[in-house]
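Biologist: I am new to this structure and would like a close look at a single part of it. Please take me through the charged pairs with some care.

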Amino acid sequence: MLKGGYMGKVLRVNLSTQKIRVEDLSEEIAKDFLGGAGFGIKYLSDEVPGNIDPLGEENKLIFAPGPLSGTSAPCASRMALTTKSPLTGAVGMSLSGGHFPVELKFAGYDILIIEGKSEKPVYININDDKVTIRKAEKIWGMDTVDTQLLIKHELKEQNTRIACIGPAGENLSKMASIINERRAFGRKGVGAVMGSKNLKAIAVRGTKVVPIAKKDEFNKARSTMLAAMKASPVLYPEFSKLGTPMVVDVTSALGIFPSENYRTTGEKDYTKGIGAEASEATNIASEPCYGCPVGCSQLKLARGNSKYTGALSDPEYETFYSFGGQTGVDNLDSIIAADQICDRLGIDTMSVGVTIGFAMELFENGLLTLEDTKGIDLKFGNHEAMVDLLKEIAYRREGLGALLCDGTKILSETIGRGSEKYAMHVKGLEFPAYDPRGAKAHGLNYATSYTGADHNRGYAFQEIFGMPIPKPYDRFTIEGKGALTKWNQDTRCATTDCPTMCGFLMDMALPDIALENTANMVNSVSGLNLTPDDIFKIGERVNNIAKVFNITAGFTREDDTFPERILTEPIKEGTAKGHYISSEDLNTMLDEYYEARSWTLEGIPTIEKLEELGIGYIHEKIKSLEVSE
Amino acid sequence: MIEIRLKTILGIVNLVGGLKEQKVYIEQDARVFDLLEILVLKYGHEFKQKIFDDSMEINRGIAMFINGRNIYALDGLKTKLCLGDEFLIFPPVGGG
Ligand code: SF4
């Protein structure tokens with residue numbers, strides 16, 4: 001019997017049959033998967049076949065906060081959303097902060113599973129035990145801001161928390177996000193899955209209290225965690241003031257702030273236009289997630305006198321890259337405006353910025369002509385074109401909009417003619433803001449993460465911030481990077497994605513005590529009795545299940561790779577000059593990574609490994625695949 | 001004497017005369033700790049406090065790179081500096 005942390009209930013809403021069911025959460029699942037991504041991937045693996053169409057009726061949306069969400073644990077208002085990604089075809093797991101995650105707990109649920117497909121547009125309203133499916137024809141077509149306002153108005157409930165899609169999700173853009181307030185389940189096209197189900201929004205209001213199993217122990221663990229956060233040299237002095245955009249200065253100094261679709265990384269200095277100092281000058285307020293004492297997210301206002309004046313948004317570092325370096329733009333106001341427009345349209349700033357940057361290179365190389373762009377001069381640095389294109393893309397408008405609407409991979413497949421060499425994605429997911437040629441473990445994580453090129457599934461803070469945990473690493477070498485990547489992926493999954501806690505904490509404040517801290521917090525809140533080793537194993541277990549899912553979805557070792565640019569073109573200037581990841585180096589790192597994971601050289605989890613992790617039963621799935629071949 | 005390039009970012013810049021990049025002259029065969037000593041002499045208490053704790057250990061989170069390589073993955077404070085090297089100091093950073 002779970003004594004705290006968990007509400008003990010799984011809410012299942014079937015949009016085809018309109019049936020709503022409440023199931024019990026098993027203690028076994030809580031113990032083996034913790035919550036968040038762990039719950040999502042476990043249910044996805046059990047209930048959704050790997051080979052289905054992600055935009056078909058069979059796909060599911062699995063929303064799961066963690067056991068700490070809704071308690072006074074700092075920085076735990078996070079929720080994982082797991083589905084089969086339409087952008088990648090692999091596991092699509094996306095995390096969001098804000099207030100929506102804790103509200104689901106307050107309503108009494110640890111997991112919300114949405115299945116089937118509604119014939120007409122609807123939204124789901126959860127008010128504690130009362131769950132209804134309501135018509136959404138009137139709000140279909142609205143942006144995410146108006147959608148949230150209108151639902152609150154219709155329900156006469158200003159305190160309801162809403163996650164919804166905008167036009168991009170409705171138009172099934174494979175880059176569509178799901179927005180709650182100003183926060184996003186941003187990546188992997190999760191908004192298109194919602195759109196495919198004709199589900200416009202989920203509104204949640206709850207009045208329950210998340211029970212704490214061992215109050216004294218919880219208070220102690222919480223104080224220890226807060227003290228470690230306070231002692232962090234970064235968290236309060238810098239990060240709470242500057243937020244993630246300060247990383248522009250860091251990666252620029254390291255020569256890995258990507259520029260012009262990775263064509264000119266290291267050659268241009270973006271710090272003057274969009275670096276920490278310029279960024280800080282636009283800050284007007286911080287917007288903390290529920291219960292977060294740090295409040296890193298900074299609301300920025302475009303002042304000055306330009307077409308962007310008055311734009312207000314909270315772009316993160318990744319957006320400074322996707323609408324900055326990647327597109328050759330160093331106009332901060334245009335980045336704020338683009339971020340705001342993306343949130344309203346419900347489209348991922350990262351994927352769409354990378355796709356626009358890719359289109360700019362296609363244009364400069366003559367693979368997209370002025371005729372294709374209907375006269376738009378789509379050169380790098382053209383921020384006006386960048387901002388104007390967003391609407392075209394979200395509405396899948398004829399011409400460039402439709403061409404770019406499904407992301408970089410599909411764009412390169414449509415254009416062909418060798419463009420895949422510089423289509424910057426892995427498994428369909430666009431690159432994040434670190435040129436992997438100058439940070440090899442960070443890069444190996446892009447190649448092997450179960451979600452595609454996803455920095456947050458195994459962030460190599462050893463390479464980016466020089467942190468010596470578990471030991472110092474040279475970012476340019478490949479030795480030991482397979483084992484390090486496994487360690488980063490399993491630790492990240494176990495200490496942030498499953499419990500669910502903010503990832504920034506682990507990298508900046510608690511990397512040396514992350515596993516212990518997670519065990520103490522989770523045990524005291526839930527009454528479970530997990531050791532730091534058990535916690536680490538949870539991360540490993542979840543990564544293995546996700547891998548098996550991806551194998552059943554058709555992925556092989558060949559997919560754990562980079563676009564040719566990374567494998568053959570060295571960075572030309574800056575601190576990382578001369579570095580790249582040759583095919584040979586990639587293969588060496590992959591062999592080491594698979595070995596560290598006890599997978600075969602083809603990257604297939606062995607029965608022994610799966611049994612060791614207590615999930616031997618899923619081996620059946622890859623066995624049957626072998627037989628059917 | 002040989003010339004190296006000192007690069008700093010964020011909160012360190014103002015502690016070294018507001019320069020993101022500058023030339024520094026050091027003895028042939030000088031090591032990282034020699035360079036830090038020169039910088040402490042030149043920039044004084046505030047710089048020293050940012051980099052060192054009371055027992056003269058490097059503060060947690062301060063990162064240093066020679067030509068982009070983490071000095072702790074080389075010889076740490078004993079790493080030798082060569083003519084033309086780029087020496088980069090970070091204050092504690094994170095995020096992304
Ligand atoms: S540190 Fe930032 S992202 Fe993390 S919980 Fe706090 S406000 Fe949210």
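How many salt bridges does the structure hold over all chains? I would be glad if you then followed those around Asp490(A), which is part of a network of salt bridges.

Modeller: Before anything else, please keep in mind that this is a predicted model, with scores of ipTM 0.97 and pTM 0.97. Counted over all chains, the structure holds 50 salt bridges, and the part you ask about is a network of them that links Lys486(A), Asp490(A), Lys537(A), Glu540(A), Arg597(A), Lys609(A) and Glu612(A).

Asp490(A) is a good place to begin, with its partner Lys486(A): the two form a salt bridge in which the closest N and O atoms are 2.9 Å apart. Both residues belong to helix α20 of chain A, which covers residues 481-497, and because they are four residues apart in that helix, about one helical turn separates them. Lys486(A) and Asp490(A) are both buried, and for Asp490(A) the relative accessibility is 0%, which is why this residue counts as buried.

Asp490(A) also forms a salt bridge with Arg597(A), and here the closest N and O atoms are 2.8 Å apart. This second pair is not held within one helix, because Arg597(A) lies in the loop between α25 (583-596) and α26 (607-612) of chain A while Asp490(A) lies in helix α20, so the pair ties together parts that are 107 residues apart in sequence. Arg597(A) likewise has a relative accessibility of 0% and therefore counts as buried.

For comparison, consider Lys409(A) and Glu413(A), whose side chains meet in a salt bridge at 3.3 Å, N to O. These two are four residues apart in helix α17 (residues 408-415) of chain A, so about one helical turn lies between them, as it does between Lys486(A) and Asp490(A) in helix α20. The surroundings can be set side by side as well: Lys409(A) counts as partly exposed because its relative accessibility is 31%, whereas Lys486(A) is buried.

Salt bridges are also found between the chains, where the rule gives two across the interface of chain A and chain B. One pair that meets in this way is Glu238(A) with Lys50(B), their side chains lying 3.9 Å apart, N to O. On the side of chain A that touches chain B, the elements that give two or more residues are α8 (235-242), α9 (247-253), α12 (317-322), α19 (461-464) and α21 (503-508), and α9(A) gives the most, with four residues. The residues of that side divide into 23 nonpolar, nine polar and six charged.

Taking the interface as a whole, 38 residues of chain A are in contact with 24 residues of chain B, and the area buried between the two chains is about 2300 Å², with carbon and sulfur atoms giving 59% of that area. The rule also finds four residue pairs in polar contact across this interface, with both residues of each pair at pLDDT 80 or more. As for confidence, chain B averages a pLDDT of 95, and 100% of its residues score at least 70.

To return to where you asked me to look, Asp490(A) forms a salt bridge with Lys486(A) and another with Arg597(A).

Methods:
Residues are numbered from 1 along each chain as its sequence is written. Chains are lettered from A and ligands numbered from 1 in the order in which they are written. Side-chain values use heavy atoms; hydrogens and water are left out. Contact means heavy atoms within 4.5 Å. Buried area is the accessible area (1.4 Å probe) that two parts lose on being put together, summed over both. A salt bridge is a side-chain nitrogen of Lys or Arg within 4 Å of a carboxyl oxygen of Asp or Glu. A polar contact is a pair of N or O atoms within 3.5 Å; within protein, one must be able to donate a hydrogen and the other to accept it, and residues adjacent in sequence count only if both atoms are side-chain atoms. Ala, Val, Leu, Ile, Met, Phe, Trp, Tyr, Cys and Pro count as nonpolar, Asp, Glu, Lys and Arg as charged, and the others, Gly among them, as polar. pLDDT is the predictor's confidence in each residue, from 0 to 100. Buried means under 20% relative accessible area, exposed over 50%, partly exposed in between (1.4 Å probe, protein chains only).
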